[in-house]
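Here is a short, friendly briefing to read alongside the sequence and the 3D view. Please have both open as you go through the points below.

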Amino acid sequence: MGNVRFRMAARCEAAGRPDNEDNYHANDNLHDDQWGFTTDREVELSAEGALLVVADGMGGMNAGEVASAIAIEVIKKWFSSEKLTKKARSSPASIKQHIRRAIQAADRAIKTESAADKNKRGMGSTIVLAWLTGEKVYVGWCGDSRAYRFNPVDGLIQLSHDHSYVQSLVDTGQLTPDLAFDFPDNNIITRSLGDTHEKANPDIREFPLREGDILLLCSDGLSGVLRDRDIEKVISENTYSLEAVRDALWNTSCEAGWNDNVTLALCQIISVEQQSSEEAQPHDIKPTGIDCRKKRKSKKWVEYLLFLLLGIATGGSLCAYFFFEVKPAGTEKVRQEEPATEQTALSHQIDSLLNACDSLSGKITAIRDSLKMSEKINRGLREETRQLKEKSEERLSEPSEKEQKVTENIEGNESENEN
């Protein structure tokens, strides 16, 4: 593994709301179970790596705060040094599987707590995490909390893809990305932790780490008030310090009129040193024992052999040329080229069909998410209607204070008349 040096910064507060339902955590050394980091401290990446995670709770009252806190605590357990075995870190597939299992464990824990306490029913949370390991970062998410990467060369790129109703409209071409920013119902999400109707289904992607990268994880309290171009401008003007980036993003979102909790977690890659070919070899490989002189001789024999093969190939090509050119008809060459041309055309058609299938598959997924979201909204409306109906029936069945007083007066008058 090459040497990767980085630094971190973060902030999480209620911001535009009286209560804070966001939660986050960061650890710049997963080899050490003492979770935490020091702002702007330069650290070398350990074998286990480093982690940033942000969760945005939903459910109102204390429920949203509880859901996001549960998500963070479960993720911390899954990224303890005990859980991060060599097997879990052995390949990109095993790393992604570990992230998936961690997020789904958080989903189950939220559902268990929700079922045990009626006051917390319906609570849920988004989640986005970034695991730096080796020379890559693996990003996993459920919901609309986002992961970005800024680099001076490429600018700002969104690494995650929102699981939201508005994003599904963009994916199906019903809405432009620019209009999506101010579109109503942009807080309706299609995937989350704690959804009792389906198992959490996170998306996970991997990206190479490059010198100068700044990773940003945030809740929609930030990305909902600052457009991507505004975030890019703020970061590009403050790359000398992550504390400066953090404070500038915070102040800019405040000035933009935040109306939600705001959480942001940052990681800047200071350097990425690639391994040399010698370092990449395992240390237990024994030397071959072939000295340099034998290698040079072997190299010469290889060169002679290549020249000989080249000569044979050239001679063969000339013979074939003269043989085919002498033939008077000249039709065989054309016939030999026609199948290749047809094959190329067929290949292009197949590629076009495959691309169309990929595009259609993406649109079908987006439509499916939209239908799921509509179903959730309808269920919620039916539940509210049922509750209102029950309350109305209770009120109708119980006489009002006025009615009680009138009844009492009538009964009193009747008793007086009898007397």
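A good place to start is Arg 227, which sits in the loop between helix H5 (220–223) and helix H6 (228–236). Keep in mind that this is a predicted model. From that loop, the briefing moves on to the sheet and the helix that lies across part of it.

**Arg 227 and its surroundings**
- Arg 227 has a relative accessibility of 19%, and therefore counts as buried, since the cut-off for buried is under 20%.
- Once neighbours within four places in sequence are set aside, the contacts of Arg 227 are Asp 178, Phe 181 and Asp 182.

**The sheet**
- Six strands make up an open sheet, and their order across it is S3-S1-S12-S11-S8-S9.
- The pairing in this sheet is antiparallel.
- Strand S3 (43–44) and strand S9 (155–158) are the edge strands, each pairing on one side only.

**The S8–S9 hairpin**
- Strand S8 (residues 146–151) is joined to S9 by a hairpin, and three residues make the connection.
- Four bridges link S8 and S9, which pair in the antiparallel sense.
- To trace the register, you can look for Asn 151 opposite Gly 155 of S9, and for Arg 149 opposite Ile 157 of S9.

**The helix across the sheet strands**
- Helix H7 (residues 242–255) lies across three elements: strand S1 (3–13), strand S11 (214–218) and strand S12 (262–273).
- Relative to S1, helix H7 runs at about 30 degrees.
- S1, S12 and S11 follow one another in the strand order of the sheet.

Terms used
Residues are numbered from 1 along each chain as its sequence is written. This is a predicted model: local features need pLDDT of at least 70, side-chain atom pairs count only at pLDDT 80 or more; totals for chains, interfaces and linings use all residues. Side-chain values use heavy atoms; hydrogens and water are left out. Two strands pair if DSSP finds at least two bridges between them. Helices (H or I, at least four residues) and strands (E, at least two) are DSSP runs, numbered from the N terminus. Contact means heavy atoms within 4.5 Å. Axes are lines fitted to C-alpha atoms, for helices over the stretch in contact, and angles run from 0 to 180 degrees between N-to-C directions. Buried means under 20% relative accessible area, exposed over 50%, partly exposed in between (1.4 Å probe, protein chains only).
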